[in-house]
Amino acid sequence: MNTDTDPAPDTESELSAQRCGLVAIVGRPNVGKSTLLNALVGQKISITSNKAQTTRHRITGIRTVGEAQFVFVDTPGFQDKHATALNRTLNRTVLSSLGDVDVVLFVVEAGRFGLPDAKVLSLLQAESMQGKPVLLIANKLDALARRQDVLPWLKQMQERHAFAEFVPMQATRAADIERLLGIVQPYLPEQPWFYEEDALTDRSERFMAAEMIREKLFRLTGDELPYSCTVVIDKFQEEGALRRIAATIVVERDAHKGMVIGDGGERLKRIGSEARQELERLWDAKVFLELWVKVRSGWADDEAHLRSYGYE
Ligand SMILES: Nc1nc2c(ncn2[C@@H]2O[C@H](COP(=O)(O)OP(=O)(O)OP(=O)(O)O)[C@@H](O)[C@H]2O)c(=O)[nH]1
């Protein structure tokens, strides 16, 4: 059948007004990718903290504005300092998440461009990425001491790569987020939406609960706790506007268990109560959260358990 000469049916021409595309957010750790994603989606989807590498998963956030549906892909910070298995997986995730996207938001800190930024940019210059629009997001504009320095700096950036757009901005400023959505929209292909209009993420509530607990865990323990610690959801029950959750924080050593529990159980209590409050806001539901701490005893190697951590 020669589709060129077939008149498009009415339904198709209606759908063709819709735009939908995958938008990758990449950049070295700590430039504000998760903050940006949350602001773009309009809700807390990806966890943030001052600690680099809190984002271990590829997380999508979805935002539908008018006829355009943006499907955001958050990627872990590009890492090359320690070539551990986990970091190798992170780098693979970065590469594979770029192959199928329609547009890339390359996030840097305004006025700064160091070796770690250059390494991420070199990924974007791979042959497989030729022709893919890359937008330079110069974030944290508010943190730049002299605003006027941004222009000469942008000029330098122009020489580093043929960026499709230059967007100096502040991820924490609502007006900048709206402006960015408008800039990205023309780069989304015209095609029907992938998700419902009110969808926010394709991640389950169960996954969001584990992520939220993990964020509080790392925030409230500071730098003492290694990344090997993780959170497993043992029970997740939905009863109308109520969620009953039981979760275990899995640590490697007895000493870590003590850190997580804190004096008289204070820290664990705080982790639980802060996570519970955020989840209640996110879902607009009541949450009962029971938290346990366990020292891992070899069963981390068990495949089923690894799968339940989400590291397939
Ligand atoms: N001043 C300022 N701070 C920001 C802005 N955007 C993000 N931040 C802060 O920068 C820090 C890092 O932000 P994240 O969103 O966790 O950074 P990330 O790039 O996702 O980090 P990784 O998960 O390590 O890759 C946090 O303390 C944010 O509050 C901004 O526009 N201005």
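**Exercise 1. In this predicted model, find how β8 and β9 pair, and work out the order of the sheet they belong to.**

Solution.
Step 1: Start with β8 and β9, which pair in the parallel sense over ten bridges. One place to check this is A246, which stands opposite E290 in β9.

Step 2: Now turn to the other side of β8 (residues 242–251), where nine bridges join this strand to β7 and the two run antiparallel. Along this pairing, F236 has I245 in β8 as its bridge partner, and E238 stands opposite R243 in β8.

Step 3: Put the pairs together. The three strands form an open sheet in the order β7-β8-β9, with mixed pairing. As background, strands of a sheet pair through backbone hydrogen bonds, either parallel or antiparallel.

**Exercise 2. Which strands stand at the edges of this sheet, and how much are neighbouring strands turned against each other on average?**

Solution.
Step 1: Look for strands with a single partner. β7 (230–239) and β9 (286–295) each have just one, so each has one side left without a neighbour in the sheet.

Step 2: For the turning, take neighbouring strands and ignore direction: the average is 15°.

**Exercise 3. Describe the connection between β7 and β8.**

Solution.
Step 1: Follow the chain out of β7 and into β8: the two strands form a hairpin with two residues between them.

Step 2: Check the backbone in the turn, where G240 has a positive phi of about 60°.

**Exercise 4. Place helices α7 and α9 on the sheet.**

Solution.
Step 1: Begin with α7, which lies across β7 and β8 and runs at about 135° to β7.

Step 2: Next comes α9, lying across β8 and β9 at about 145° to β9.

**Exercise 5. Characterise the packing of α7 against α9: what are the crossing angle, the handedness and the residue classes?**

Solution.
Step 1: Compare the axes of α7 (residues 205–221) and α9 (residues 266–283). They come within 9 Å and cross at roughly 140°. Angles over 145 degrees would count as roughly antiparallel, so α7 is oblique to α9.

Step 2: Add the handedness: the crossing of α7 and α9 is right-handed.

Step 3: List the residues that meet. From α7, these include M208, M212, I213 and L217, and from α9 they include I271, A275, L279 and W283. Charged residues take part too, among them E205 and K216 in α7 and R267 and E274 in α9.

Step 4: Sort the contact by class, which gives eleven nonpolar, no polar and six charged residues.

Terms used. Residues numbered from 1 in each chain as written. Predicted model: local features only at pLDDT ≥ 70, side-chain atom pairs only at ≥ 80, totals over all residues. Axes fitted to C-alpha atoms, helices over the stretch in contact; angles between N-to-C directions. Helix = DSSP H or I, 4+ residues; strand = E, 2+ residues; numbered from the N terminus. Parallel < 35°, antiparallel > 145°, perpendicular 65-115°, else oblique. Left-handed = near helix turned anticlockwise from the far one by under 90°. Contact = placed C-beta atoms within 7 Å. Nonpolar A, V, L, I, M, F, W, Y, C, P; charged D, E, K, R; others polar. Pairing = 2+ DSSP bridges.
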